[in-house]
Amino acid sequence: MLLTGISDMDKRSLMYSLTLLCLRTSYASASAILPSTIHSTNGQVMLKPESSCPEVPIFGGCGQRYDPWNLETYADGNGTLHTYHRTSSWGNQPESTDQVRGFSYGFKGTGLQVYGAPYQEVERLGLVPGKQELCILGSCQEINTQELYDALDESERDAPILLWSYGNLPDRADHRLEVRLLDASSGQEPRSIMTIHHMVVKESPPRLPPSYKTHEEEDIVQTTYYDTNPWISYSPSTACQPVLFGCNRYNPWAKEVVAFPSGHNQSFHHTSTLEDDAYGANNRSISFTFQGVALYVYGASKAQVDRIGGDKDIELAHQSICIENSCEVIDAHQAYLNVDPENVHEPVLLWSYEGYPSTSLRHAELRLLDNHSPVGHVRHMTLDRFVVSEVKKRSSWAHPIAGAQYYNTKVNPISTSIRYGPRQDRADSDPLHPYSPWDVQFYSAPGGRQRLFMHTSTDHGPEPQLRTWNFTFTGYSMRVYGAPQPYLIHATHVKQEICLDGKCYPVDVEHAYMTVDPDFEREPVLLWSMEDIDVSRSHVLTMRVAESGPGAGEEIKGMTFAGLEYTKVVMPWWVWTTLGRPPTWGDASWIVAVWFVAWRIRQSSNRGRSPLLVPGNQTYYGSVNYPPTHATPPSYFSPSSFTTASTGWPDGRCMHTQAAPPPYSPSMERDRPGAPPQHVIFAHA
């Protein structure tokens, strides 16, 4: 699409229009309640013009550009803050296409109501409400707002005033409201004012698929993905600020770390429209892929946002979120407006949606909609974290298992049970002495103990093979540790993933090291952990680098591994039986009954055959070809002393022939070499 010859304002309007085309096509946001309120700070409300140019009396032409719209904030009787936008007739050109004061709003709905600022606010400003023209569906209507304000009762003067209402609009069709101020400046006369407080859209119920229904064996768990998570990507990684001869490259995204008095650190990412780049600031976005039935997007805390602005009030950028090509505009200003003073250090919820129909993989993208402002507005966009409601299957084992024993087992990083890869990583490596990208680093632990960790980095070629290690185990839980913070070789961590039986999870190494307790900084750092693992089978754990080597001018990133710890579970014997639980006295009575019945059946089948005692006090049924002459101690004669052969009785029953040692006597050791073998023949059913 070519944007040549289009003004900045038209480009911004076109950009919003394109966003609105995909608005609420598949999913509705959590705020899509009937009716829904659209504040003047919402990115869907287009204030016109973006900037005005006063004429210079002497030389003509354009003076210093200014913003004809002002954002006002006031508190109601309950102390709740509200906002509205206002403009005046000074400099207004009603007949102009680009300098007329007004606003537009595109929506889908069956009705629309437009509200202006309260009477008390208009009276405080000392301006006269002006005449306006509202157009929708090709027809226009002129309203005199002065008459509407004069008709208010005393009790209605502290609330927003209803200026215009329209209903019976075609359902689920695209509509656009155009409003413009008809009054122009005229010398010393009082300037008229035009305000927009908010709008109320009456929407028909959205056509949404049914929400995901959890099964009996499933639970919903909340998983937090911080701004440093490797599954969150910020685009673009570099931007170009035009200069006289080319451009200056810079990273438009900054990571801010805030240290609290308690020692806790917290980070967030942000960008702004302070410096426009060659492609426009609105090409900046945040991408995140997730699986879950709900998604929550949090911005930086109010204290952190105020810290960015310093002495000035910070302006929050207009943003949109798109999930699978379904987009919605986020009103960040309203999200921060009434933050509880007790929660100024907590992240602020910007947007949420609950009730996705399935747990399939989805792609979310946050987009910055503002460009560099010609009148000096600097608008900021922040991200603190994503929170996903994920579906997790319950374990077949209810821990702790009665009668089971739990053991914590630590595995050294140089243990032979851990396999590192790749063995050969460079073309110049000697085949007889293969090069490994992993090396051993030693350090002094608290108390003077010598410990070690494994280390690798991304400085082995532009596209190195993935650095990996894997470990096979059977256990209930797993914890993976990295090197202590003071002994890190590279300050920047490479992106890492860990996979359990083929299912991969991101490892937020930056957040792990950022939140280390200063009292334990010389101890290994917990990078990743998981509990409630299936203990009935073995698992393969693999950790790997999730990015390639550094490009030209990029810093080298490192990866460390200081060992792992997992919990073994030794099951009681009854776990592997058909009971699946500890036996009871009722189970014992059944076992005794079954044994007794089996014994009686055996007794009846052996009736008619005489029992025979053989050495070792064993009882067999059959015949013997020699008389036992000595008593044999049980320790010498045992069933394992027989050499067995098999044949069969004429009636089909089995007969075993076994060679037995001779009877025991004190002279056995002297007479044993020449003693002739004796045999006993026995049979059993």
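## Exercises on the disulfides

The torsion about the S-S bond of Cys 322 and Cys 327 is about 110 degrees, so this disulfide is right-handed. The model you are looking at is predicted. Let us work through its cysteine pairs together.

**Exercise 1.** Find how many disulfides the structure holds.

*Solution.* Start with the idea itself: a disulfide is a covalent bond between the sulfur atoms of two cysteines. To count as one here, the two sulfur atoms must lie within 2.5 Å. Cys 135 and Cys 140 pass, with 2.0 Å from S to S. Next come Cys 322 and Cys 327, whose sulfur atoms are 2.2 Å apart. Cys 499 and Cys 504 are also joined, at 2.0 Å. The structure therefore holds three disulfides.

**Exercise 2.** Work out the handedness of the link between Cys 135 and Cys 140, then that of Cys 499 and Cys 504.

*Solution.* Look first at Cys 135 and Cys 140: the torsion about their S-S bond is about 110 degrees, so the disulfide is right-handed. Now turn to Cys 499 and Cys 504, where the angle about the S-S bond is 90 degrees and the link is right-handed.

**Exercise 3.** Decide whether Cys 499 is buried or exposed, and place Cys 504 too.

*Solution.* The cut-off for buried is under 20% relative accessible area. Cys 499 has 7%, so Cys 499 is buried. Cys 504 has 21%, and therefore counts as partly exposed.

**Exercise 4.** Do the same for Cys 135, Cys 322 and Cys 327.

*Solution.* Cys 135 has 17% relative accessibility, so Cys 135 counts as buried. Cys 322 and Cys 327 are both buried.

Conventions. Residues numbered from 1 in each chain as written. Predicted model: local features only at pLDDT ≥ 70, side-chain atom pairs only at ≥ 80, totals over all residues. Heavy atoms only, no water. Buried < 20%, exposed > 50% of the residue type's maximum accessible area, 1.4 Å probe, protein only.
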